[in-house]
Amino acid sequence: MKSTIQNGAEKSGNKRSSQSPGRNARNISQQGRSSVESSASDTGINVPPFNHPHCDRQAMYQQPVRKVKPLRGNYDYDLVVIGGGSGGLACAKEAVAHGARVACLDFVKPTPSGTKWGVGGTCVNVGCIPKKLMHQASLLGESVHEAAAYGWNVDEKIKPDWSKLVTSVQNHIKSVNWVTRVDLRDKKVEYINGLGSFVDSHTLSAKLKSGDRTITAQTFVIAVGGRPRYPDIPGAVEYGITSDDIFSLDREPGKTLVVGAGYIGLECAGFLKGLGYEPTVMVRSIVLRGFDQQMAGLVAASMEERGIPFLRKTVPLSVEKQPDGKLLVKYENTETGEVDSDVFDTVLWAIGRKGLVEDLNLQNAGVMTQKDKIPVDSEETTNVPHIYAVGDIIYGKPELTPVAVLAGRLLARRLYAESDLRMDYADVATTVFTPLEYACVGLSEEDAVKAYGAEEIEVFHGYYKPTEFFIPQKSVRYCYVKAVAQRTGDQRVYGLHYLGPVAGEVIQGFAAAIKSGLTIPTLMNTVGIHPTTAEEFTRLSITKRSGLDPTPASCCS
């Protein structure tokens, strides 16, 4: 696919040279990360200092950056961004800051349940932000009950108010929508609330409330993101909801079946349990596909310990609405073939997301797709040289808000600010906001073994006991950290994994260390802040290969 895109770009008139002498990246040794001493190329282009099995960084930096000279007057805009989410908005605002004439199209189709929202995309409206707020509400419920052990007089009748919580969350979201609109106006980005589709490679047709509008641009950035999938079974669309609906649900969710065990499903099940409801997680195959599977197992076990049941190796067959309004779900165990059923108040689908390419008429612009995503090169260029894509719509890249934001900004700087810096999609930190949070950066243990071989990998690991868990006697059974590293040489750290409280806050700083070539000796010679959970990474000394017990005997020695 990559070669097809490059050939297509050359046929379209792209003058890119495959071997531009002044722009070639440093020759990176096949021996891995420890063999490179510098992180900058001879031309000053920011070249990450090591190879990575998920990112061919050498090939990525061999190509010279294409420069776009705005042709003012020939088109309505220098740049049109299709999609008003985090990546698209970041790109649009950055382009305007460097002198481009920019418009941003944004349109949200209501969900089958009728849910719709304002500008800002998934993260602001139905993703990261409301999810984190619901997660925080759940944690506060735990904290209130733990407070009694710390000497607070707590009313045992304390309980959450779903309606009040939803109202508070939605009020915050609407305030962000408003601030976003004002920010676009102040920065001179024309916001167009319309559904855009290509007429040709330089022309869009936008469907507005007032009628259709034709828009031309020299350059386009596609940043339309994705939406949740529904299973192809009876009753799924009619009676089920998704993460697009749960944060504005106008009734208590009650007993909820969460179908899917990716991070979205587990996060929703987690905060629902913390808010006093009864979630059940249905797992078709494995938990947290794409994540380290030892850590995924610990996450699931910690949720089961909290009373969240998992229906494993199970798929739904149908959803039927009962006379009392409840939902009868029939499901099948894929190993035994046994069919069973249960009644729920809510069914939440969390079985994956699809890219929103259907309405774009990409064939009119000659843009290639791969499944429901758009393949791009190292500059986020599609097979059409003046059409780019960023964010969740691109094929094979992390579907995370900060990734889309940085990629969008860097793209705008390359187009309009003479920058050479490309997005590096490797070693991106992320967090799963389950009740006991999981955060990681770098390679999973499985991927490290696959890339370098089991004999070349050393895994340092340990369980730990958060100080704040002692007095309320919270379970420390699944509080665990591990470092996946090179076994010999500099012992470069390939990945860090953490399961415990405030995981995102813990791992964020380590992400910069991983990017900078963190080694096990450096980690071991770092003085931790005591008593914190983050310091556990500096205390790692036991390897899996040693067979020693990784359970701590004391907290301060």
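Reader: Let's start with leucine 496. Leaving aside neighbours within four places in sequence, which residues is leucine 496 in contact with?
Author: This is a predicted model, so the contacts of leucine 496 are those of the predicted coordinates. Neighbours within four places in sequence are left aside. What remains for leucine 496 is Ala439, Cys440, Val441, Lys482, Ala483, Ile507, Phe510, Ile514, Leu518, Leu523 and Phe537.

Reader: Which residues have the most contacts inside the largest nonpolar core?
Author: That core has 67 residues. Helix α10 (residues 293-305) gives the largest share of the core, 7 residues. In soluble globular proteins, nonpolar side chains tend to be buried together. The residues with the most contacts inside this core are Leu496 and Phe537.

Reader: How many residues does the other core have, the one with Val96 and Leu105 among them?
Author: This core lies apart from the core of 67 residues. Val96, Leu105, Leu360 and Leu410 are among its members. Its number of residues is 52.

Reader: Stepping back to the chain, what share of the residues count as buried?
Author: The chain has 15 helices and 22 strands. Among contacts between residues at least 6 apart in sequence, 65% join residues at least 24 apart. Of the 557 residues, the share that counts as buried is 51%.

Reader: Now a pair of helices. At what angle do α5 and α6 pack?
Author: Helix α5 covers residues 128-147 and helix α6 covers residues 162-186. Their axes are 10 Å apart, and the crossing is right-handed. The angle is about 145°.

Reader: How do the residues of that contact divide into nonpolar, polar and charged?
Author: From α5 come Ile129, Pro130, Leu133, Met134 and Ala137. They meet Trp162, Leu165, Val166, Val169, His172 and Ile173 in α6. The contact divides into 10 nonpolar, 1 polar and no charged.

Reader: On to the sheets. Which are the edge strands of the open sheet of 5 strands?
Author: The strand order is β8-β15-β9-β10-β11, with parallel pairing. An edge strand pairs on one side only. The edge strands here are β8 (241-242) and β11 (310-312).

Reader: Which residue in β15 is the bridge partner of isoleucine 241?
Author: β8 and strand β15 (residues 346-349) run parallel and are joined by 2 bridges. Isoleucine 241 has its bridge partner in β15. That partner is leucine 348.

Reader: Which strands of this sheet does α9 touch?
Author: Helix α9 packs on the sheet. Its direction makes about 160° with that of β10. The strands touched by α9 are β9 (255-259), β10 (278-283), β11 and β15.

Reader: Glycine 265 caught my eye. Why does glycine 265 count as buried?
Author: Glycine 265 lies in helix α9 (residues 263-274). Leaving aside neighbours within four places in sequence, it is in contact with Val258, Gly260 and Ala350. Buried means under 20% relative accessible area. Glycine 265 counts as buried because its relative accessibility is 0%.

Reader: How far apart in space are glycine 265 and valine 287?
Author: In sequence, glycine 265 and valine 287 are 22 residues apart. In space, C-alpha to C-alpha, the distance is 9.8 Å.

Reader: By how much are neighbouring strands turned against each other in the open sheet of 3 strands?
Author: The order in this sheet is β12-β13-β14, with antiparallel pairing. Its edge strands are β12 (314-321) and β14 (339-344). With direction ignored, the average turn between neighbouring strands is 25°.

Reader: Which residue in β13 is the bridge partner of proline 316?
Author: β12 and strand β13 (residues 327-333) pair in the antiparallel sense over 7 bridges. Proline 316 has its bridge partner in β13. The partner is tyrosine 331.

Reader: Is leucine 328 buried or exposed?
Author: Leucine 328 lies in strand β13. Not counting residues up to four places away in sequence, leucine 328 touches Ser318, Val319, Glu320, Gln322, Ser341, Asp342 and Val343. Its relative accessibility is 17%, and the cut-off for buried is under 20%. Leucine 328 therefore counts as buried.

Reader: One last pair of strands. Which residue in β5 stands opposite serine 197?
Author: Strand β4 (residues 195-200) and strand β5 (residues 203-208) pair in the antiparallel sense over 5 bridges. A hairpin joins β4 to β5 through 2 residues. Opposite serine 197 stands serine 205.

Definitions and conventions: Residues numbered from 1 in each chain as written. Predicted model: local features only at pLDDT ≥ 70, side-chain atom pairs only at ≥ 80, totals over all residues. Heavy atoms only, no water. Axes fitted to C-alpha atoms, helices over the stretch in contact; angles between N-to-C directions. Helix = DSSP H or I, 4+ residues; strand = E, 2+ residues; numbered from the N terminus. Left-handed = near helix turned anticlockwise from the far one by under 90°. Contact = heavy atoms within 4.5 Å. Nonpolar A, V, L, I, M, F, W, Y, C, P; charged D, E, K, R; others polar. Core = buried A, V, L, I, M, F, W, Y, C linked by side-chain atoms within 4.5 Å. Buried < 20%, exposed > 50% of the residue type's maximum accessible area, 1.4 Å probe, protein only. Pairing = 2+ DSSP bridges.
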